[in-house]
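Student: Please take one part of this model and go through it closely, then place it in its surroundings. I would like a single connected account.

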Amino acid sequence: MAETNTVPVPPESAKSGSGGSRPRFDVLSFISTYGVFITLVACIVIFTVLDSDFIEIDNLRTQLGLAAPLLMLSLGLTVVLAMGDFDLSIAGTLSASAAAIVVLMVNHDWPWGLAVMVGVAFGLGIGAINGLLVSYVEMPSFITTLATFLILLGVEYMISDGRNITGAADMPDLYRDLGIGKPEPLTEFTSPVWIAAGLAIILWLMMSKTELGRYMYAIGGNPEAARLSGINVKALRALGFVVVGFVAVIAAVSQTARTASSIPRVGISLLLSAYAAAFLGAAASRQGLFNVPGTVLGVIFLQAVQSGLTILGYDRDILDISRGSILVLAMLLTALGAKRR
Amino acid sequence: MTATAPAGAAPLLEVSGVTKRYPGVLAVDDVTLSLEPGEIVGLVGKNGAGKSTLIKIIAGAERADEGHLQLNGEPLDLHRPHDATVAGLAFVHQDLQDVGDLSVAENVRMGIGYPRRLGLFVDWAELRRQAAESIARLEVEIDPRQLVGKLSVAQQRLVMIARGLAQQASLLVLDEPSASLTDEEIEHLFAVVRRLRDDGITVVYVSHRLEEIFELTERVLVMRNGELVADEPTTSLDRGSLISHITGHEHAQTASERRASRGVGGRPEAEVVLEVDGVSADTGVRDCSFDVRKGEILGLGGLMGSGRTELVRAVFGADHRKEGSVRVHGAEISDNHPSVSMSAGLALLPEDRKTQGNIMDFSVRNNITLASLDRHRVRPKTPFPSPRSEKLAADRRIDRLSIATPHDRQLVRLLSGGNQQKVVIAKWLEQGADVLIFDEPTIGVDVDGKEEIYDIMEELAAEGKAVVFISSEFSELVGVCHRVLVLHEGRIVGELEGDAVSEPAIVEICYSQH
């Protein structure tokens, strides 16, 4: 290796061609990179023009409060998706722990702190079981977590008897505060918004600023190469499921504290939205990787569309069709340019 | 219109003035050539010389910017790969493009259409019969009902060739077909290629292994920097002149000449760094013992499947070690895990850089620092990597190993094979191991790149590292290693040192085992 000055050349290069080397603004690649942003901005503009209530600060507050549990769930999912795994049981963990916490407080008069602690332990336990089965027993994550999801739905039914459990009167104020309170001095938004924001910052730091996050992305890119580079692949994949179990319970607490009730199968409606948000976020990133800021953007996107259509007075049917169509549009813009690369 | 065309006979395929530009790169530069019916033509050149792009244009996977193609004197216009298939052009790529979960018969007839019953249901018996017919032409026994994923790599390549035959191909392009085949399998492959030639099929054989080019081909096309720089009968070339064409400069040295000129002798007198004692594994490694000294380059030779890769994987802890012990600097490695071996000072540069060596979607920088991230922290004892420290380290390695990349943020996926291999090397240099095990580091790497990798190993040895070098090309071992161990069926069956290291001696040990 006597070479001292080497001029880096492009890969697979032969020699500089006469054409094509000048930098040029490429509309398609711009669209593909910012497809999700463009659609989001377009939606916000359209909704604002149609009804100015949309951009009101009160609506913003409400919508962020409503979106907080979804955001928590999506953030947890981002961690496992980045490592190449799926977790469907997340909706089951949310539903079952929501029912358990509410039943313990309302029907059995448990102190709210203890009920929440039981819920958290339950979530961590489910995460650990998923992690063990997928990472150490090497079962495929999709079908494994689908199975635990089904089991958890059954558990939830056992706990709640399939009924709404409401008990605003029986819930301690401190617990309700976790859902509707505005903590001093941060009175701008309700607690779930701040909790979700805190979670987003912590997970963002973890995924993009720490060794742990780098290793997680390495596992997502190539688990065998990661293992041969000395990374403890099994432990990290299992950890991902534990993180998901934890955030699912936090989301359950936010949800039940806000509505003062446990609604059966509450997690299911959130499940698909959480995946949609995470995939939108990946589509919005340059390299198509699952990432925390992208997921936040995805949640805001979904909630903005939902809110805008609701304000305009559309019913559930139009709402679902429009939401699906706008999703397709956002992904289409991304795919359009990516195809040309 | 071409010099090589015999008078009167129409060429099979003519390529005239074909040029292809990518942004900033002239990949194929005004290439004109013709292929005659029933000849075996070698296509050689360094990585990035334009071979792949030229093949993609003929395969209809890329459009040429200029120039045109003619098939049997008729203009050939390819818009997509299917057009090439219909025209009778078949391609067998290095990374097999078969479907492992489908049967041999389904793979052979894929893309041509399956025979039907009542216009709707697949006629499985007829499908198997047709596939068996194509396979029979290769004089090989493969059950059409067998799942392709269960076949050996050699058999899978033959299935892909059979697919070409089923397409009534008149031109067959084989891209590095001998990679990971045993010598016997390569001989059989050659016999198949010659038989196809006798049937009038034209075969284009792409390979970095020049011995194969000389043994098999009748004519050689050499590409360099996108241009066709040589088009000559194989018999008019020797190894030296062919290498000169490929590299563009005088540069021809046989392995033994290299050994002599570099003064490679016996193992150095120094302390033992790595001791392997009685290692066995479920992968077929049986009771292997050896040691490596500081500053030594130890070669592991043997035929494909002799257990070389399996041995080093068991030593490193990539596979489970059933019996035996591994010591580095006298301290035993207790646990069977790569991370434990790494902290003891052991590094394994795995055989397949794509599936085991690199994270292809990571940048060059992030790959280089992946195994040593805890030494690039913003502050010690905090788990935050410092981008500045990482960049410094990556730039230093890129410079020292001459990795051809525009910048350290480039995705490894976008580098050429030789440069991807250098990124794997850089990762382990950065990790700072005392014992580096190189498993087939030169596969798919061009002549200049190979020489650079030998230089790196020699430099490491000179710095006092212990190096283990696995290669299927025995000449490489002869050119570089102080000592060579030969494996057979998972056992170490021979040892050569110093002046005793020669190609015939290694081959002799390999074949005296049967």
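Tutor: A residue counts as buried here if 20 or more other C-beta atoms lie within 10 Å of its own. By that criterion nine of the nine residues of α10(B) are buried, so this helix is largely enclosed by the rest of the structure. The model is a predicted one, and α10(B) is the part to look at closely.

The buried residues of α10(B) are R308(B), T309(B), E310(B), L311(B), V312(B), R313(B), A314(B), V315(B) and F316(B). Just after the helix, G317(B) takes a positive phi of about 90 degrees.

What does α10(B), residues 308-316, pack on? The sheet concerned is open and has four strands, in the order β14-β13-β16-β17 of chain B, with antiparallel pairing. Its edge strands are β14(B), residues 288-293, and β17(B), residues 331-332, each of which pairs on one side only. α10(B) packs on this sheet and touches β13(B) (272-281), β14(B) and β16(B). The direction of the helix makes about 110 degrees with that of β13(B). At the β17(B) edge, β16(B), residues 321-328, pairs with β17(B) in the antiparallel sense over two bridges. One residue pair there can be named: V328(B) has A331(B) in β17(B) as its bridge partner.

Chain B also has an open sheet of six strands, ordered β18-β19-β20-β15-β21-β22, in which the pairing is mixed. Its edges are β18(B), residues 346-349, and β22(B), residues 491-497, and each of these pairs on one side only. On average, neighbouring strands of this six-stranded sheet are turned by 20 degrees against each other, direction ignored. Helix α16(B), residues 447-462, packs on the sheet and touches β15(B) (297-301), β19(B) and β20(B) (466-470). The direction of α16(B) makes about 155 degrees with that of β20(B). β18(B) and β19(B), residues 435-439, run parallel and are joined by four bridges. Within that pair, L346(B) has V435(B) of β19(B) as its bridge partner.

Elsewhere in chain B, β1(B), residues 13-22, and β4(B), residues 66-71, run antiparallel with five bridges between them. E14(B) has Q70(B) of β4(B) as its bridge partner. β4(B) is also joined to β5(B), residues 74-76, by three bridges, again with the strands antiparallel. L69(B) stands opposite L76(B) in β5(B). The hairpin of β4(B) and β5(B) has two residues between the strands, and N72(B) takes a positive phi near 50 degrees.

A single residue of another helix adds some detail. R259(B) lies in α9(B), residues 255-262. With 21 other C-beta atoms within 10 Å, R259(B) is buried. Apart from neighbours within four places in sequence, R259(B) is in contact with V264(B), V478(B) and G479(B). Its C-alpha atom is separated by 9.6 Å from that of S502(B), 243 residues apart along the chain.

Chain A can be set beside this. Chain A contains 13 helices and two strands, and buried residues make up 47% of its 341 residues. Of the contacts in chain A between residues at least 6 apart in sequence, 76% join residues at least 24 apart. In α11(A), residues 266-284, 14 of the 19 residues are buried, and the helix is mostly covered. At 1.5 Å a residue those 19 residues should span 27 Å, and the end C-alpha atoms are 28 Å apart, which agrees.

A helix pair in chain A gives a contact that can be listed by residue. The axes of α7(A), residues 191-209, and α12(A), residues 292-311, come within 9 Å and cross at roughly 145 degrees. α7(A) contributes A200(A), L203(A), W204(A) and M207(A), and α12(A) contributes V292(A), P293(A) and V296(A). These contact residues divide into seven nonpolar, no polar and no charged.

Finally, confidence. Chain B averages a pLDDT of 88, and 96% of the residues score at least 70. Over residues 1-7 of chain B, pLDDT stays under 50, and the model has eight contacts beyond four places in sequence for that stretch. Where pLDDT is low, the predicted coordinates should not be read in detail. For the complex, the predictor gives an ipTM of 0.83 and a pTM of 0.79.

Notes. Residues are numbered from 1 along each chain as its sequence is written. Chains are lettered from A and ligands numbered from 1 in the order in which they are written. This is a predicted model: local features need pLDDT of at least 70, side-chain atom pairs count only at pLDDT 80 or more; totals for chains, interfaces and linings use all residues. Two strands pair if DSSP finds at least two bridges between them. Two residues are in contact if their C-beta atoms, placed from the backbone, lie within 7 Å. Axes are lines fitted to C-alpha atoms, for helices over the stretch in contact, and angles run from 0 to 180 degrees between N-to-C directions. A residue is buried if 20 or more other C-beta atoms lie within 10 Å of its own, exposed if 12 or fewer, and partly exposed in between; C-beta atoms are placed from the backbone. The expected span of a helix is 1.5 Å times one less than its number of residues. Ala, Val, Leu, Ile, Met, Phe, Trp, Tyr, Cys and Pro count as nonpolar, Asp, Glu, Lys and Arg as charged, and the others, Gly among them, as polar. pLDDT is the predictor's confidence in each residue, from 0 to 100.
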